[in-house]
Amino acid sequence: MSVEVEQKFLFDSDTLKAIEDIGVCVGQKQFQDQYFDTADFKLTLQDTWLRRRKQSWELKCPTATFSGTAEPGGERSLCTQYKEITNLPEIYQRVKALIKDSGEEGEKETTPSAEDDSWLSELGLCCFAEFTTTRRSFTLKGEEGVQIDLDQADFGYHVGEIEVLVPEGGNMQSAKEKIRHTAQRLGLNEERRVAGKMTVYLERYRPEQYAILLSAHVL
Ligand code: V4E
């Protein structure tokens with residue numbers, strides 16, 4: 001399991017030029033994401049994001065320390081950090097533990113599989129967001145382990161991210177330092193956290209969920 005540390009940024013033609021100067025384009029791809037939650041937002045209220053991307057399941061969930069929410073001083077870091085789990089049986093167990101009350105334990109175990117979606121209805125999960133992203137990815141000359149993604153979502157929002165994947169137990173500070181240094185090289189001067197695709201999607205298409213997550217300080 002790895003931890004994804006990232007900083008989002010807004011970009012224009014100057015940023016693109018700076019990225020092309022210091023980086024190498026390693027490809028462009030397109031993928032559709034479907035995000036799932038219960039009707040009363042049990043997962044997203046716990047800052048946990050279950051999605052199916054290219055027929056594979058992924059769970060982004062908070063690390064033991066801060067993730068997307070405010071840090072102890074009340075300040076929100078420009079960076080977020082989330083664990084990424086891709087093993088479906090583990091995703092199922094974690095999601096089930098977050099959704100089910102302890103009194104409901106002892107029911108029969110479902111073994112989820114990529115071909116059988118019945119575990120979704122068993123846990124009361126429905127798709128609340130679906131969109132397609134076109135992503136261009138860059139690596140940096142002379143900077144190991146940093147990737148820059150430029151995302152264009154099909155609902156008309158584009159956003160960049162500087163990303164470092166850290167193996168669990170790895171050095172978070174060094175990852176954040178690499179991100180800070182890269183942001184500096186690109187001439188970014190974000191002072192506040194930039195909205196990701198999902199934040200904008202929820203604001204536009206799921207205003208009730210957006211308002212609830214905003215007041216719970218998840219977004
Ligand atoms: C973690 C999270 C959400 C799930 C989507 O994560 P995100 O990194 O925005 O999507 P994407 O497509 O870039 O995923 P990748 O391919 O990099 O794995 S939706 C909201 N969050 C939390 C969150 C937050 N509170 N603030 C910011 C700036 N980003 C994410």
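**Close-up 1. Who sits around the ligand in this predicted model.** There are 21 residues around the ligand, and R51, R53, K60, E161 and K197 come nearest. Look at the side chain of R51 to find an N or O atom 2.8 Å from a ligand oxygen. R135 does something similar, with a side-chain N or O atom 3.0 Å from an oxygen atom of the ligand. E161 joins in too, placing a polar side-chain atom 2.7 Å from a ligand oxygen. On its own the ligand exposes 640 Å², and the protein buries 96% of that.

**Close-up 2. R51 and its salt-bridge partner E58.** Besides its polar contact with the ligand, R51 forms a salt bridge with E58, where the closest N and O atoms are 2.7 Å apart. Both ends are tucked away: R51 is buried at 6% relative accessible area, and E58 is buried at 17%.

**Close-up 3. E84 and K60, a salt bridge between two strands.** Here the closest N and O atoms of E84 and K60 are 3.8 Å apart. E84 belongs to strand β5 (residues 79-85) and K60 to strand β4 (residues 56-62), so the pair ties together parts that are 24 residues apart in sequence. E84 and K60 are both buried. Elsewhere, salt bridges with shared partners link E6, K8, R135, D149, D151, E161 and K197 into one network. The structure has 15 salt bridges in total.

**Close-up 4. K42 and D40, a salt bridge with partly exposed partners.** The closest N and O atoms of this pair are 3.3 Å apart. K42 has 29% relative accessibility, which makes it partly exposed, and D40 is partly exposed as well, at 43%.

**Close-up 5. Q7, a buried residue of strand β1.** Q7 sits in β1, which covers residues 2-9, and its relative accessible area is 6%. Leaving out residues up to four places away in sequence, Q7 touches L78, C79, G160, E161, I162, I179, A183 and E190. One of these, E161, also turns up among the residues that come nearest to the ligand.

**Close-up 6. Helix α6 and its buried face.** In α6 (residues 207-215), the buried residues are Q209, Y210 and L213. Viewed down the helix axis, they fall within an arc of 100 degrees, so they line one face of α6. An α-helix has 3.6 residues a turn, so residues three or four places apart point the same way. The buried residues of α6 pack against β2 (23-37), β3 (49-53), β6 (126-140) and α5 (197-205). Turned away from that buried side are the exposed residues E208 and S215. After α6 comes H217, with a positive phi near 60 degrees.

Terms used. Residues are numbered from 1 along each chain as its sequence is written. This is a predicted model: local features need pLDDT of at least 70, side-chain atom pairs count only at pLDDT 80 or more; totals for chains, interfaces and linings use all residues. Side-chain values use heavy atoms; hydrogens and water are left out. Buried means under 20% relative accessible area, exposed over 50%, partly exposed in between (1.4 Å probe, protein chains only). Helices (H or I, at least four residues) and strands (E, at least two) are DSSP runs, numbered from the N terminus. The arc is that of the directions from the helix axis to the C-beta atoms. Contact means heavy atoms within 4.5 Å. A residue is near a molecule or strand if one of its heavy atoms lies within 4 Å of it. A polar contact is a pair of N or O atoms within 3.5 Å; within protein, one must be able to donate a hydrogen and the other to accept it, and residues adjacent in sequence count only if both atoms are side-chain atoms. Accessible areas come from the Shrake-Rupley method with a 1.4 Å probe; for residues, only the protein chains shown count as cover. A salt bridge is a side-chain nitrogen of Lys or Arg within 4 Å of a carboxyl oxygen of Asp or Glu.
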